[in-house]
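User: I'd like to talk through this model with you, starting with how the parts are named and then moving on to whatever looks worth a closer look.

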Amino acid sequence: MPLINEQLSFSDVADAFLVHGSMQSPAFLDGRLAAGLALHDLAAEAWLNELCDALGVDQPHDQESAEVLLAWRRQSLEALVGEALNYEPLLPDEMFSLAERARGLQEWTLGFLEVLNDVDPERRQEWSAPLREALDDLEGLAAIDTELEESSENENDLFALTEHVRMAAMLLYTEQHPGKPQVEQTEEPH
């Protein structure tokens, strides 16, 4: 397992799932995490409880696993809040086939949308048109054909779709947390 100060990868979290006897992909839960952080400021304890429920355990297997699972939340939150705008969904990397990566993106999208489906429709109407449009696009993305053949065109398409979900997650977060991250620097009058 990685040290907590290092960037966690999809495989790191999947390994923590294996310690708990789960072979499920972290992608779905990462989508839920991104939406939960954006909408509800999902607390660390609530996140750990959600993960334990999903993994079918009462508590993390050991201290090291708990630290990885909590670092996952912290890493996502820091990226969403940070001025660098470097949030990345936790998805299978280039070590996985294109089809596996597409399934991961689809699972992430389904998890993200599952949390959004619980939002009051009146609240959703208050969101900006660009945010509503981006989220509507995710509905179509959830139904993509994941049986992609290895090709540079499919690779480029998958990259573009991943960038779209990344931007949708950041847009949702920034609209729900005005001023975070503070990306516009204004000069103070002298």
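Analyst: Before anything else, a word on naming: helices are DSSP runs of H or I with at least four residues, numbered from the N terminus. With that in hand, and bearing in mind that this is a predicted model, D41 can be placed in the loop between α2 (26–40) and α3 (44–55).

User: What's the phi of D41 like?

Analyst: The phi of D41 is near 50°, which is a positive value in a residue other than glycine. As for its surroundings, D41 is partly exposed, with a relative accessible area of 46%.

User: And L85, where is that one, and what is its phi?

Analyst: L85 sits in the loop between α4 and α5, and its phi is positive at about 50° although the residue is not a glycine. L85 is partly exposed, its relative accessible area being 34%.

User: Switching to packing: at what angle do α5 and α7 pack?

Analyst: Helix α5 (residues 98–116) and helix α7 (residues 129–141) pack at an angle of about 130°, and their axes are 9 Å apart. That angle makes α5 oblique to α7, since the oblique class takes whatever is left once angles under 35 degrees, over 145 and from 65 to 115 have been assigned. The crossing of the two helices, α5 and α7, is left-handed.

User: Which residues meet there?

Analyst: From α5 the residues are L105, Q106, T109, F112, L113 and L116, and they meet L135, L138, E139 and L141 in α7. Sorted by class, this contact of α5 with α7 has seven nonpolar residues, two polar and one charged.

User: OK, charges next. How many salt bridges does a search of the whole structure find?

Analyst: The search finds six salt bridges. One of them pairs E88 with R166, where the closest N and O atoms are 3.8 Å apart. This pair links distant parts of the chain, with E88 in the loop between α4 (63–81) and α5 and R166 in helix α8 (residues 152–176), 78 residues apart.

User: Is R166 buried or exposed?

Analyst: R166 is buried, with a relative accessible area of 10%. R166 also forms a salt bridge with E163, and there the closest N and O atoms are 2.9 Å apart. Because R166 and E163 are three residues apart in helix α8, about one helical turn separates them. E163 itself counts as partly exposed, at 28% relative accessibility.

User: Which residues do salt bridges that share partners join into one network?

Analyst: Those are R32, E50 and E114, joined into one network by salt bridges that share partners.

User: What about E147, which residue does it form a salt bridge with?

Analyst: E147 forms a salt bridge with R103, the closest N and O atoms being 3.1 Å apart. E147 lies in the loop between α7 and α8 while R103 lies in helix α5, so the pair ties together parts that are 44 residues apart in sequence. On accessibility, E147 counts as exposed at 55%, whereas R103 counts as partly exposed at 30%.

User: And T146, where does that lie, and what does it touch?

Analyst: T146 lies in the loop between α7 and α8. Leaving aside residues up to four places away in sequence, T146 touches A99, A102, R103 and Q106. T146 is buried, with a relative accessible area of 9%, so it falls under the 20% cut-off for that class.

Terms used: Residues numbered from 1 in each chain as written. Predicted model: local features only at pLDDT ≥ 70, side-chain atom pairs only at ≥ 80, totals over all residues. Heavy atoms only, no water. Axes fitted to C-alpha atoms, helices over the stretch in contact; angles between N-to-C directions. Left-handed = near helix turned anticlockwise from the far one by under 90°. Contact = heavy atoms within 4.5 Å. Nonpolar A, V, L, I, M, F, W, Y, C, P; charged D, E, K, R; others polar. Salt bridge = Lys/Arg side-chain N within 4 Å of Asp/Glu carboxyl O. Buried < 20%, exposed > 50% of the residue type's maximum accessible area, 1.4 Å probe, protein only.
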